[in-house]
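Here are some exercises to try with the model open beside you. Have a go at each one before you read its solution.

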Amino acid sequence: MSNSFHAPIATGRESAGLPAGRLGTWWVVASEIVIFGGLIASFIMYRLRHGEFWASQAEHTKLYAGALNTFILLTSSYFAVCAHQAAQQGNGKKAAKLLFRTILLGAGFLCVKAYEYTSEITAGYGPLSDLFWSFYYISTGLHGLHVIAGMIMMAIIAKDASKENHLQRVECIGIYWHFVDVVWIFLFPLFYIASGL
Amino acid sequence: MWFGYSSSPYFTLPQVFNTTPVHSMNSEKKPSSHPTYRNIYIWLLILLAISIWGPVLALEIENRTVLVCTVLFTAFGIGFIKAGMVASWFMHLNTEKKFITRLLIVCLVFMILLFAGVAPDVLIPKGQNRDLDSNYQYPSKKIINKKH
């Protein structure tokens with residue numbers, strides 16, 4: 001048996017014209033579109049159905065907490081794309097540093113979300129209070145789980161990147177993280193801003 | 001091969017990573033110019049500010065139609081622009097292989113089909129042997145009672 005290393009066959013696949021890791025990431029994103037898209041579409045459907053009542057419920061969400069979280073995620077996306085740029089230049093240490101900043105911002109996002117959940121549940125708006133709040137907790141909770149998953153993956157990739165290993169993965173986790181950001185960009189106006197309608 | 005790997009046993013980076021800008025490793029065609037990520041980030045923050053304060057300021061508008069249009073544009077319209085910017089410039093969809101964009105569009109179309117298929121049952125409250133209004137209990141009283 002030969003001791004020499006070989007690049008995994010899947011990583012050199014040419015039929016799709018792009019590295020398999022990135023192709024796989026795009027497949028994940030595509031499936032996530034259906035999951036989050038279905039959730040958002042269902043929310044819009046019921047929002048149209050129960051217009052005024054749901055608008056009055058949306059007034060109880062904390063606009064500035066949601067805005068702060070949007071700011072945090074946009075900033076984390078900026079760091080993620082800078083990490084990708086650093087990885088592309090072969091600077092694994094810088095990429096790792098930027099990824100750790102992204103993780104830190106992800107943790108900040110979760111802290112703000114935890115504060116929101118606490119204050120809303122304390123005020124009597126729990127997941128079972130009404131369909132609006134069920135949608136709110138399911139959508140933001142599922143999104144939060146994606147943030148946690150992204151942070152864990154990012155930590156593993158950043159650790160590797162700091163040793164200059166597997167730098168191509170930085171781009172893949174970047175694509176995933178930007179998608180999580182895009183989902184929040186849509187959740188923010190739905191739950192926090194549209195109360196005036 | 002454009003995404004050929006270095007001589008490292010396990011690949012570290014496609015060799016092209018070391019020599020060309022980010023967008024070109026994805027590209028079918030190379031764009032002539034690429035705004036810096038910092039500029040895109042600043043624009044995203046400006047749009048975020050508009051999407052926050054636009055609807056808040058719009059609440060002062062008395063005309064209901066103008067109010068709804070303003071909120072829809074400043075909240076959701078700008079949301080779409082922000083999402084488009086992140087997808088295009090941060091996810092590099094603008095230079096990614098075309099079939100990736102098509103793949104994402106197919107998923108969006110499936111989602112819209114789901115919406116279109118189910119929406120009439122939800123949005124039309126009365127039908128044969130059903131009356132959604134009589135079954136839906138608005139829980140505001142329940143919440144108020146709970147609080148007191």
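**Exercise 1.** Find His92(B): which elements of chain B flank the loop that holds this residue? Then say whether His92(B) is buried or exposed, and what is notable about its phi.

*Solution.* Keep in mind that this is a predicted model.
Step 1: His92(B) sits in the loop that links H2 to helix H3 (98-123) of chain B.
Step 2: the relative accessibility of His92(B) is 1%. The cut-off for buried is under 20%, so His92(B) counts as buried.
Step 3: look at the backbone. Phi of His92(B) is near 60 degrees, which is a positive value in a residue other than glycine. Why bother to flag that? Because most residues other than glycine have a negative phi.

**Exercise 2.** Chain A has a histidine with a positive phi too: look up His166(A) and say what its phi is near and where in chain A it is found.

*Solution.*
Step 1: for His166(A), phi is near 50 degrees, again positive in a residue other than glycine.
Step 2: place the residue. His166(A) belongs to the loop between helix H5 (131-162) and helix H6 (168-193) of chain A.

**Exercise 3.** Helix H2 of chain B, on one side of the His92(B) loop, also packs on a helix of chain A. Describe how H3(A) and H2(B) are arranged, and list the residues that meet.

*Solution.* Two numbers are needed here: two packed helices are described by the angle between their axes and the distance between the axes.
Step 1: the pair is helix H3 (residues 63-88) of chain A and helix H2 (residues 64-90) of chain B, with an angle of about 15 degrees and axes 11 Å apart.
Step 2: angles under 35 degrees count as roughly parallel, so H3(A) is roughly parallel to H2(B).
Step 3: the crossing of H3(A) past H2(B) is left-handed.
Step 4: go down to the residues. H3(A) brings Thr70(A), Leu74(A), Ser77(A), Tyr78(A) and Val81(A), while H2(B) brings Lys82(B), Val86(B) and Phe90(B). Sorted by type, the residues of this contact are five nonpolar, two polar and one charged.

**Exercise 4.** Now do the other helix pair: at roughly what angle do H1(A) and H3(B) cross, and how do the residues of their contact divide by type?

*Solution.*
Step 1: helix H1 (residues 20-49) of chain A and H3(B) cross at roughly 25 degrees, and their axes come within 9 Å.
Step 2: with the cut-off for roughly parallel at under 35 degrees, H1(A) and H3(B) are therefore roughly parallel to each other.
Step 3: the crossing of H1(A) and H3(B) is right-handed.
Step 4: the contact residues of this pair split into 25 nonpolar, two polar and one charged.

**Exercise 5.** Go to helix H4 of chain A and take Gly92(A) and Lys97(A). For each, decide: buried or exposed?

*Solution.*
Step 1: Gly92(A) lies in H4 of chain A. Gly92(A) is buried, as its relative accessible area is 0%.
Step 2: check what surrounds Gly92(A). Apart from its neighbours within four places in sequence, Gly92(A) contacts Ala161(A), Ser162(A), Glu164(A) and Leu167(A). The C-alpha atoms of Gly92(A) and Glu164(A) are separated by 4.8 Å, with their positions 72 residues apart along the chain.
Step 3: Lys97(A) is in H4 (residues 92-122) as well. Its relative accessibility is 52%; the cut-off for exposed is over 50%, so Lys97(A) counts as exposed.
Step 4: Ala161(A) turns up again here. Its C-alpha atom and that of Lys97(A) are separated by 9.2 Å, with the two residues 64 apart along the chain.

**Exercise 6.** Finish with each chain as a whole: how many helices and strands are there in chain A and in chain B?

*Solution.*
Step 1: chain A has six helices and zero strands, whereas chain B has five helices and two strands. Along the sequence, chain B reads α-α-α-β-β-α-α.
Step 2: turn to burial. In chain A, 61% of the 197 residues count as buried; in chain B, 36% of the 148 residues do.
Step 3: add the surface. Chain A has about 7800 Å² accessible, 68% of it from carbon and sulfur atoms. For chain B the figure is about 9200 Å², with 64% from carbon and sulfur.

Notes. Residues numbered from 1 in each chain as written. Chains lettered and ligands numbered in written order. Predicted model: local features only at pLDDT ≥ 70, side-chain atom pairs only at ≥ 80, totals over all residues. Heavy atoms only, no water. Axes fitted to C-alpha atoms, helices over the stretch in contact; angles between N-to-C directions. Helix = DSSP H or I, 4+ residues; strand = E, 2+ residues; numbered from the N terminus. Parallel < 35°, antiparallel > 145°, perpendicular 65-115°, else oblique. Left-handed = near helix turned anticlockwise from the far one by under 90°. Contact = heavy atoms within 4.5 Å. Nonpolar A, V, L, I, M, F, W, Y, C, P; charged D, E, K, R; others polar. Buried < 20%, exposed > 50% of the residue type's maximum accessible area, 1.4 Å probe, protein only. Areas by Shrake-Rupley, 256 points an atom, 1.4 Å probe, with all protein chains shown as cover.
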